[in-house]
Amino acid sequence: MLKLQHIGKQFDGKTVLDDISFEIGTGEIMSLLGPSGSGKTTLLHLILGLTGADRGSIVFGDEDLTRVPMKKRGFNIVFQDFALFPNLNAYENVVYGLRNKKGLVSPKEVQEYIDFLELTPHLNKKIGELSGGQKQRVALARTLVAKPKLLLLDEPLSALDGVIKESIKQRIQSIAREFKLTTLIVTHDPEEALTMSDKILIINQGRIAQFGAPQDIIGRPANEFVEQFIIKQLRIKRQNIFNLFGEMYA
Ligand code: ADP
Ligand code: MG
């Protein structure tokens with residue numbers, strides 16, 4: 001279980017996160033949803049340990065991690081731009097983090113993650129030769145082979161579209177389920193959050209606008225912001241889909 005209490009963060013005197021508290025259970029998928037600049041990435045980096053909190057606490061299981069450095073937290077992240085090494089091939093990227101950790105993961109286990117993400121045909125390719133979806137799968141494999149206790153994903157679908165987006169989405173869900181891995185996903189897309197997660201934390205300008213299961217948020221938006229941001233965007237999207245496909249049925 002991951003529990004944040006009263007987390008606050010300022011950058012250069014400007015409040016970026018204000019009084020963020022929530023709890024999620026082992027193996028759950030949670031989305032951090034909000035518009036651009038609302039503090040989502042900062043919150044993810046705080047949990048990872050890349051950024052320190054000004055106030056509040058972060059507890060994982062029965063361990064207080066608030067002052068524990070990143071390396072000792074045992075969490076891992078897939079950055080928004082994947083952050084893969086362009087001069088290495090796909091396989092070298094996947095195992096890069098294991099070079100100082102002999103014995104942590106057996107070659108057989110590495111192969112299992114590679115099979116799971118269907119990367120075998122691409123292992124010898126340079127990063128520049130991979131498609132967006134393939135890069136995302138390499139980034140996921142690299143993160144998973146380190147056996148993180150918590151999986152953090154920053155906008156994992158934003159560079160993808162169509163069928164590829166749908167397939168990565170399903171893969172992330174099955175990773176969380178199969179490995180019982182607690183997963184936090186940053187997104188600005190309400191549809192992604194609503195269809196992928198057990199819980200959604202909606203943030204607006206560094207504050208919690210609502211925290212709940214997708215059906216609570218759809219059924220009982222807590223305030224005007226949630227109503228506007230979620231419901232309207234979904235309606236607009238549906239309208240666009242209707243405009244696109246409606247003609248075909250007209
Ligand atoms: P999001 O991921 O929701 O788009 P971020 O967490 O990246 O939002 O940023 C939230 C706010 O914090 C923005 O106003 C951003 O400019 C500011 N910010 C983020 N990182 C830093 C930093 N290292 N130094 C100064 N300001 C930052
Ligand atoms: Mg961000």
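In this predicted model, Gln-136 touches Val-78, Phe-82, Pro-156, Leu-160 and Ile-168, leaving aside residues up to four places away in sequence. Gln-136 belongs to helix α5, and the helix is mostly covered, with twelve of its 14 residues buried. The points below treat this residue and its helix, then strand β8 and its partners, and finally the surroundings of ligand 1.

**Gln-136**
- The relative accessible area of Gln-136 is 1%, and the residue is therefore classed as buried, a term that applies under 20%.
- Among the residues that Gln-136 touches are Val-78 and Ile-168; Val-78 falls within the range of β6 (75-78) and Ile-168 within that of α6 (162-178), two of the elements against which the buried residues of α5 pack.

**Helix α5**
- Helix α5 comprises residues 132-145 and spans 20 Å from its first C-alpha to its last, close to the 20 Å expected at 1.5 Å a residue.
- The buried residues of α5 include the charged-type names Arg-137 and Arg-142 as well as Gln-134, Gln-136 and Thr-143.
- Also buried in α5 are Gly-133, Val-138, Ala-139, Leu-140, Ala-141, Leu-144 and Val-145.
- The packing partners of these buried residues are the strands β6 (75-78) and β7 (150-154), together with the helices α3 (90-95), α4 (107-116) and α6 (162-178).
- Just after α5, Lys-147 adopts a positive phi of about 50°.

**Strand β8 and its partners**
- Strand β8 covers residues 182-187, and six of its six residues are buried.
- Thr-182, Leu-184 and Val-186 point one way from β8, whereas Thr-183, Ile-185 and Thr-187 point the other way.
- Strand β3 (residues 29-33) pairs with β8 in the parallel sense over five bridges, and Leu-33 stands opposite Thr-187 of β8.
- Strand β7 likewise pairs with β8 in the parallel sense over five bridges; the bridge partner of Leu-152 in β8 is Leu-184.
- A right-handed β-α-β unit is formed by β7, α6 and β8.

**Ligand 1**
- The residues around ligand 1 are Phe-11, Asp-12, Lys-14, Val-16, Pro-35, Ser-36, Gly-37, Ser-38, Gly-39, Lys-40, Thr-41 and Thr-42.
- A polar backbone atom of Gly-37 lies 2.7 Å from an oxygen atom of ligand 1.
- In the side chain of Lys-40, an N or O atom is 2.8 Å from an oxygen atom of the ligand.
- For Thr-42, an N or O atom of the side chain is 2.6 Å from an oxygen atom of ligand 1.

Notes. Residues numbered from 1 in each chain as written. Chains lettered and ligands numbered in written order. Predicted model: local features only at pLDDT ≥ 70, side-chain atom pairs only at ≥ 80, totals over all residues. Heavy atoms only, no water. Helix = DSSP H or I, 4+ residues; strand = E, 2+ residues; numbered from the N terminus. Expected span 1.5 Å × (residues − 1). Buried < 20%, exposed > 50% of the residue type's maximum accessible area, 1.4 Å probe, protein only. Contact = heavy atoms within 4.5 Å. Pairing = 2+ DSSP bridges. Right-handed = clockwise from strand over helix to strand, strands pointing away. Near = heavy atom within 4 Å. Polar contact = N/O pair within 3.5 Å; in protein donor to acceptor, adjacent residues only side chain to side chain.
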